[in-house]
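Here is a friendly walk through one chain, from its overall make-up down to single residues. Keep the viewer open and follow along.

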Amino acid sequence: MLIAGLMAGQLLQALSLPAALMIGPMLVGIVMVRANCTIQIPGVLHRMAQGIAGCLIASHLDAAMLARMGDIWPIVILFVTLTFAASCLVGWLSGRMTGIDSEVSIWGFLPGMSGTVIAIAHDQGLDSRLVGLIQTVRLMVVIATMVVAAMFIVGAAVPHIAPGPSPDSGSVAWVLGLAVLGMLAARRLRWLPSAASLLPLMVAAALRLEDINVAVPGWLLALAFLAFGAHIGLRMTPDILRAGARALPSLIGASFLLMALCAFSGAALSVIAQVDLMSALLATVPGSIDSIALIAVNANADLTFIMTLQTLRLFAVAVLGPVVARSMVQMLHRRKTT
């Protein structure tokens with residue numbers, strides 16, 4: 001699993017596939033399950049991977065970002081809420097069209113870092129295999145759409161430069177320590193959704209503001225996403241795959257509907273916040289944070305503004321996602337029965 005998963009992730013990344021480091025191991029896991037393999041990713045490693053993902057998000061934060069968020073906080077909250085609401089609505093509609101459980105479908109369309117969202121759904125007792133399938137389809141549509149949009153809006157991509165300081169031995173020690181902290185928090189703070197990623201994210205963000213290097217090296221990031229992808233793939237039964245194949249056309253259509261809603265929201269944000277259109281679109285689309293950050297740098301967009309809205313929305317998903325998704329399903333069920 002380790003060797004084949006890492007190789008598949010690197011191969012797909014070389015082909016510029018979004019979320020390649022997670023999708024590669026997921027595909028390997030699916031093949032292994034079809035070959036009657038019964039291994040599982042230990043819960044400890046899965047939770048530590050969530051902590052590493054939290055550190056990755058924190059590495060995009062800086063004091064300028066937080067200061068700017070303070071200046072435009074009403075606008076930020078408004079458009080974060082709009083994207084969150086649109087994702088929930090499209091997820092519910094997709095569930096109605098495909099026959100997939102409504103709460104699972106809503107989680108599949110929730111924005112943020114896909115590995116983290118899948119992990120939260122798993123912690124909530126939902127079928128994270130279907131959530132992972134829907135997240136993957138949605139992510140592909142989002143990235144493909146935004147790459148095409150970038151070509152028309154800003155032209156050719158600029159060379160990618162990794163934001164923030166480069167990883168070193170000190171940053172590796174910090175990231176591993178925070179991953180362990182997140183793993184312990186997930187065991188003790190069961191009332192806090194996704195404590196395994198949220199607590200490392202908050203601590204790493206505080207360290208980042210103190211100019212302490214918390215950059216995540218590529219090899220450690222690859223291992224973390226291998227844990228995410230393999231955790232999903234090794235639990236993909238033939239029944240789950242058949243259900244996903246039947247629902248694929250409806251999921252793609254729902255993903256394009258969500259992109260259309262976010263395009264209107266992004267255009268309005270561009271005018272209200274007085275930022276360029278590409279930055280506004282990337283700030284509102286429900287993509288994976290790491291993929292959106294990469295597109296933003298390649299498109300020479302305002303990374304600080306984009307990461308402000310994307311990171312705040314991830315917090316909203318982690319904290320409010322379980323409550324909103326479950327409440328929405330219960331409310332609609334009550335209306336149906338009455």
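## Overall picture

A residue counts as buried here when its relative accessible area is under 20%, and as exposed when that area is over 50%. With that in hand, 54% of the 338 residues of the chain count as buried. Please bear in mind that this is a predicted model.

The chain holds 15 helices and 0 strands. Among contacts with a separation of 6 or more, 78% join residues that are 24 or more positions apart. The accessible surface of the chain is about 14600 Å², and carbon and sulfur atoms supply 67% of that area.

## Helices α1 and α2

Let us begin at Gln 13, which sits in helix α1, residues 2–14. Gln 13 is partly exposed, because its relative accessible area of 40% falls between the 20% and 50% cut-offs. Leaving aside neighbours within four places in sequence, Gln 13 is in contact with Ala 20 and Leu 21. Both of these partners are listed among the buried residues of α2. The C-alpha atoms of Gln 13 and Gly 24 are 8.7 Å apart in space, while the two residues are 11 residues apart in sequence.

Helix α2 covers residues 20–34 and is mostly covered itself, with 11 of its 15 residues buried. The buried set includes Met 22, Ile 23, Pro 25, Val 28 and Val 33. Does the length of α2 agree or disagree with 1.5 Å a residue? The 15 residues should span 21 Å, and the end C-alpha atoms are 21 Å apart, so the two agree. After α2 comes Asn 36, with a positive phi near 65 degrees.

## Helix α5

The length check can be repeated on helix α5, residues 73–98. Its 26 residues should span 38 Å at 1.5 Å a residue, and the end C-alpha atoms are 37 Å apart, which agrees. Just after α5, Gly 99 takes a positive phi of about 85 degrees.

## The nonpolar core and the surface patch

The largest nonpolar core contains 98 residues, and those with the most contacts inside it are Trp 107, Met 146, Leu 269 and Leu 282. Helix α8 supplies the largest share of this core, 12 residues. For Leu 269, the contacts beyond four places in sequence include Ile 75, Phe 79, Phe 305 and Leu 309. Gln 274 and Val 275 are also among the contacts of Leu 269.

Helix α8, residues 128–153, has a part at the surface as well, giving the most to a nonpolar patch, with 5 residues. The patch is formed by Val 147, Val 148, Met 151, Phe 152, Ile 153 and Leu 277, with about 580 Å² of accessible area together. Is Phe 152 buried or exposed? Phe 152, in helix α8, has a relative accessible area of 73%, so this residue is exposed.

## Around the α12–α13 loop

Gln 274 is found in the loop between α12 (238–273) and α13 (277–284). Its phi is near 55 degrees, a positive value in a residue other than glycine. At 71% relative accessibility, Gln 274 counts as exposed because the cut-off is 50%.

Ser 270 lies in helix α12. Its relative accessibility of 14% is under 20%, so Ser 270 counts as buried. Not counting residues up to four places away in sequence, Ser 270 touches Val 275, Asp 276, Leu 277 and Ala 280. One of these, Leu 277, also belongs to the surface patch described above.

## Around helix α11

Another positive phi in a residue other than glycine appears at Asp 211, near 65 degrees. Asp 211 lies in the loop between α10 (195–209) and α11 (218–233). With a relative accessible area of 71%, Asp 211 is exposed.

Within helix α11 itself you will find His 231. His 231 has a relative accessible area of 10%, so this residue is buried. Which residues is His 231 in contact with, leaving aside its neighbours within four places in sequence? They are Ile 41, His 46, His 122 and Leu 226.

Terms used:
Residues numbered from 1 in each chain as written. Predicted model: local features only at pLDDT ≥ 70, side-chain atom pairs only at ≥ 80, totals over all residues. Heavy atoms only, no water. Helix = DSSP H or I, 4+ residues; strand = E, 2+ residues; numbered from the N terminus. Expected span 1.5 Å × (residues − 1). Buried < 20%, exposed > 50% of the residue type's maximum accessible area, 1.4 Å probe, protein only. Contact = heavy atoms within 4.5 Å. Areas by Shrake-Rupley, 256 points an atom, 1.4 Å probe, with all protein chains shown as cover. Patch = residues over 30% accessible without salt bridge, like charges linked within 9 Å, V, L, I, M, F, W, Y side chains within 5 Å. Salt bridge = Lys/Arg side-chain N within 4 Å of Asp/Glu carboxyl O. Core = buried A, V, L, I, M, F, W, Y, C linked by side-chain atoms within 4.5 Å.
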